Amino acid sequence: MSRVKLARFAHNAERADIVEPGKANYEQLGGRWHREFFQNENPITLEMGCGKGDYTVGLAARYPERNFLGLDIKGDRIWRGSTRAEALGLTNVGFLRTRAESLTAHFAPQELAEIWVTFPDPRPRDRDIKRRLTSPRFLNLYQEVLRIGGSFTSKRTIRRSMNTRLKRCKLAPVLAF
């Protein structure tokens, strides 16, 4: 592992806006994200597979009356989002470093107002269907942690729908998604 990554992981361990394995609060926040992490009762939006956190941080900057969490397994990516949020002085954003499969270990039933799957890995092989963040397996997990009336948004779904519409209109070669 490179020295740069090791330095970033060390920063992650010190940052309050990152929850990751090895920290005391890693599996302790389920049902207490509002009170203990954000220290407010604003609705929480979770971005699954947030990568570098650009979308999570962008939404947090645009909607200060809401809380945003980015979930990703890669600590190096999360470091980038945390660094940007810190530079912007945002207090309504955080990052959870964990596997998507462990969602229910980190959130209580009906704790989240929204879940976004913005740029998921497509996983085109049939054997990978169960790993897609939009598979029935994950949709069931989302249903457990979303509050009644909460919303789920997948940009991949939106993109496919748009491509289908564009193909019907014969505009697909003009507009590329």
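**Close-up views of a predicted model**

**View 1. Surroundings of H34 in helix α2.** With a relative accessible area of 16%, H34 counts as buried, because the limit for that class is under 20%. In this predicted model, H34 belongs to helix α2, and, once residues up to four places away in sequence are set aside, H34 touches Q39, N40, E41, N42, P43, I44, N67 and E111. One of these partners, E111, stands 77 residues from H34 in sequence, yet the two C-alpha atoms are 8.8 Å apart in space.

**View 2. The chain as a whole, with its helices and strands.** The chain contains 7 helices and 6 strands, and their order along the sequence reads α-β-α-β-α-β-α-β-α-β-α-β-α. Of its 177 residues, 40% are classed as buried, while the area that the chain exposes comes to about 10400 Å², with carbon and sulfur atoms supplying 51% of that area. Among the contacts with a separation of 6 or more, 68% join residues that are 24 or more positions apart.

**View 3. R8 of helix α1 and its partner D76.** R8 lies in helix α1, which covers residues 3-14, and the side chain of R8 makes a polar contact of 2.9 Å with the side chain of D76. Leaving out neighbours within four places in sequence, R8 is in contact with W79 and R80 as well as with D76. The relative accessible area of R8 is 15%, and R8 is therefore counted as buried, the class for values under 20%.

**View 4. The largest nonpolar core.** In soluble globular proteins, nonpolar side chains tend to be buried together. The largest nonpolar core of this model holds 24 residues, of which W33, L46, M48, L103 and F107 touch the most other members. At least two residues of this core come from each of α2 (33-38), β2 (44-48), β3 (67-72), β5 (112-117) and α6 (136-145), and the largest share, 4 residues, is supplied by α6. Another core, of 10 residues, lies apart from this one and includes V57, L59, A60 and F68.

**View 5. Contacts of the core residue L46.** L46 is one of the residues that touch the most other members of the largest nonpolar core. Not counting residues up to four places away in sequence, L46 touches L69, L71, L103, F107, L112, E114, I115 and W116. Two of these partners, L103 and F107, are themselves listed with L46 among the core residues that touch the most other members.

**View 6. The second largest pocket and its lining.** The second largest pocket encloses about 230 Å³ of space and is lined by 13 residues, of which A16, D17, L90, T91 and V93 lie nearest its centre. Helices α2 and α4 (75-88) each supply at least two residues of the lining, and the largest share, 3 residues, comes from α4.

**View 7. S151 in strand β6.** S151 is found in strand β6, which covers residues 146-154, and, when residues up to four places away in sequence are not counted, S151 touches A113, E114, I115 and L146. A113 and S151 are 38 residues apart in sequence, whereas their C-alpha atoms are 6.6 Å apart in space. S151 has a relative accessibility of 26% and so counts as partly exposed, since this value falls between the 20% and 50% limits.

Notes:
Residues are numbered from 1 along each chain as its sequence is written. This is a predicted model: local features need pLDDT of at least 70, side-chain atom pairs count only at pLDDT 80 or more; totals for chains, interfaces and linings use all residues. Side-chain values use heavy atoms; hydrogens and water are left out. Buried means under 20% relative accessible area, exposed over 50%, partly exposed in between (1.4 Å probe, protein chains only). Contact means heavy atoms within 4.5 Å. Accessible areas come from the Shrake-Rupley method with a 1.4 Å probe; for residues, only the protein chains shown count as cover. A polar contact is a pair of N or O atoms within 3.5 Å; within protein, one must be able to donate a hydrogen and the other to accept it, and residues adjacent in sequence count only if both atoms are side-chain atoms. A nonpolar core is a set of buried Ala, Val, Leu, Ile, Met, Phe, Trp, Tyr and Cys residues joined through side-chain atoms within 4.5 Å. On a 1 Å grid over the protein atoms alone, a cavity is a set of points where a 1.4 Å probe fits but cannot get out, and a pocket is an open set with protein on both sides within 12 Å along at least five of seven lines; lining residues have an atom within 4 Å of a point. Grid points are joined across faces, edges and corners, and a volume is the space filled by probe spheres set on the points.
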